[in-house]
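What follows is a guided reading of one protein chain, going from a single contact to the overall fold, the core and the charged side chains. Please keep the sequence and the structure in view while reading.

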Amino acid sequence: MTIASIKEALSKDNPDAYIYDDLDEAIIGLVHKDNGSILAYSFTACIGIFMERDSMSLEDALDYFYFNVAGLILGENQPMIVDDSILFLGEDNVSINDSS
């Protein structure tokens, strides 16, 4: 599925679903819920976009993400963020979201 086809399916199933601005490259699919579908975004792709496109450090990208993306309260149509950082860090490493 392409990003365009994912967004098209979303608009048919749940036209009220929220789409984050300028993060299309981080879309990884749809999450189907009882009240309609929502978008799923890759955590690592979001961070990568902020680092590459906006020339942010990892720390700045994380701060921006948690305040401006994950920190938004958009209700039942809010996209889901999938923490896929373990795929890039490996099993023996700690996720950047792990506070331990």
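A polar contact is a pair of N or O atoms within 3.5 Å; within protein, one of the two must be able to donate a hydrogen and the other to accept it. The side chains of Asn-77 and Asn-14 are joined by such a contact, at 2.8 Å. The coordinates are those of a predicted model, and the distances below are computed from it.

Asn-77 sits in the loop between α3 (58-68) and β3 (80-82). Is Asn-77 buried or exposed? Its relative accessibility is 15%, and buried means under 20%, so Asn-77 counts as buried. Beyond residues up to four places away in sequence, Asn-77 touches Asn-14, Asp-16, Ala-17, Tyr-18 and Ile-38. Asn-14, the partner in the polar contact, is thus one of the residues that Asn-77 touches.

The wider frame comes next. The protein chain has 4 helices and 3 strands, and from the N terminus on they run in the order α-β-β-α-α-β-α. The chain has 100 residues, of which 33% count as buried. Among contacts with a separation of 6 or more, 43% are between residues 24 or more positions apart. The accessible surface comes to about 6,300 Å², and carbon and sulfur atoms account for 52% of that surface.

Which residues of the largest nonpolar core touch the most other members? The core has 19 residues, and those with the most such contacts are Leu-23, Tyr-41, Cys-46, Phe-50 and Phe-65. Two or more residues each are given to this core by α1 (3-13), β2 (36-42), α2 (43-53) and α3. The most come from α2, with 5 residues. Leu-23 shows how the contacts are spread: apart from residues up to four places away in sequence, Leu-23 touches Tyr-41, Cys-46, Ile-49, Phe-50 and Val-69.

Tyr-64 belongs to helix α3. With a relative accessibility of 35%, Tyr-64 counts as partly exposed, because that class covers the range between under 20%, which is buried, and over 50%, which is exposed. Outside the residues up to four places away in sequence, Tyr-64 touches Phe-50, Met-56 and Val-69. Phe-50 and Val-69 are also among the residues that Leu-23 touches. The C-alpha atoms of Tyr-64 and Ile-47 are 8.9 Å apart, while the two residues are separated by 17 residues along the chain.

The charged side chains remain. Side chains of opposite charge can pair when their charged atoms come close. How many salt bridges does a search of the whole structure find? The search finds 3. One of them joins Lys-7 and Asp-24, with the closest N and O atoms 2.9 Å apart. This pair links distant parts of the chain, since Lys-7 is in helix α1 and Asp-24 is in the loop between α1 and β1 (27-33), 17 residues apart. Both ends count as partly exposed: Lys-7 has a relative accessibility of 25%, and Asp-24 has 24%.

Another salt bridge is formed by the side chains of Glu-8 and Lys-12, at 3.3 Å from N to O. Both residues are in helix α1, 4 residues apart, which is about one turn of the helix. Glu-8, at 45% relative accessibility, counts as partly exposed, whereas Lys-12, at 64%, counts as exposed. There is also a salt bridge between the side chains of Asp-54 and Arg-53, at 3.0 Å from N to O. Asp-54 is partly exposed at 35% relative accessible area, and Arg-53 is partly exposed at 43%.

Asp-84 is a charged residue without such a partner. Asp-84 lies in the loop between β3 and α4 (85-89). Asp-84 is buried yet has no salt bridge, and the nearest side chain of opposite charge, that of Arg-53, is 16 Å away. What the side chain of Asp-84 does have is a polar contact of 2.5 Å with the side chain of Ser-42. Leaving out neighbours within four places in sequence, Asp-84 is in contact with Ser-42, Phe-43 and Thr-44.

Technical notes
Residues are numbered from 1 along each chain as its sequence is written. This is a predicted model: local features need pLDDT of at least 70, side-chain atom pairs count only at pLDDT 80 or more; totals for chains, interfaces and linings use all residues. Side-chain values use heavy atoms; hydrogens and water are left out. Buried means under 20% relative accessible area, exposed over 50%, partly exposed in between (1.4 Å probe, protein chains only). Contact means heavy atoms within 4.5 Å. Accessible areas come from the Shrake-Rupley method with a 1.4 Å probe; for residues, only the protein chains shown count as cover. A nonpolar core is a set of buried Ala, Val, Leu, Ile, Met, Phe, Trp, Tyr and Cys residues joined through side-chain atoms within 4.5 Å. Lys and Arg count as positive and Asp and Glu as negative; His and the chain ends are not counted. A salt bridge is a side-chain nitrogen of Lys or Arg within 4 Å of a carboxyl oxygen of Asp or Glu.
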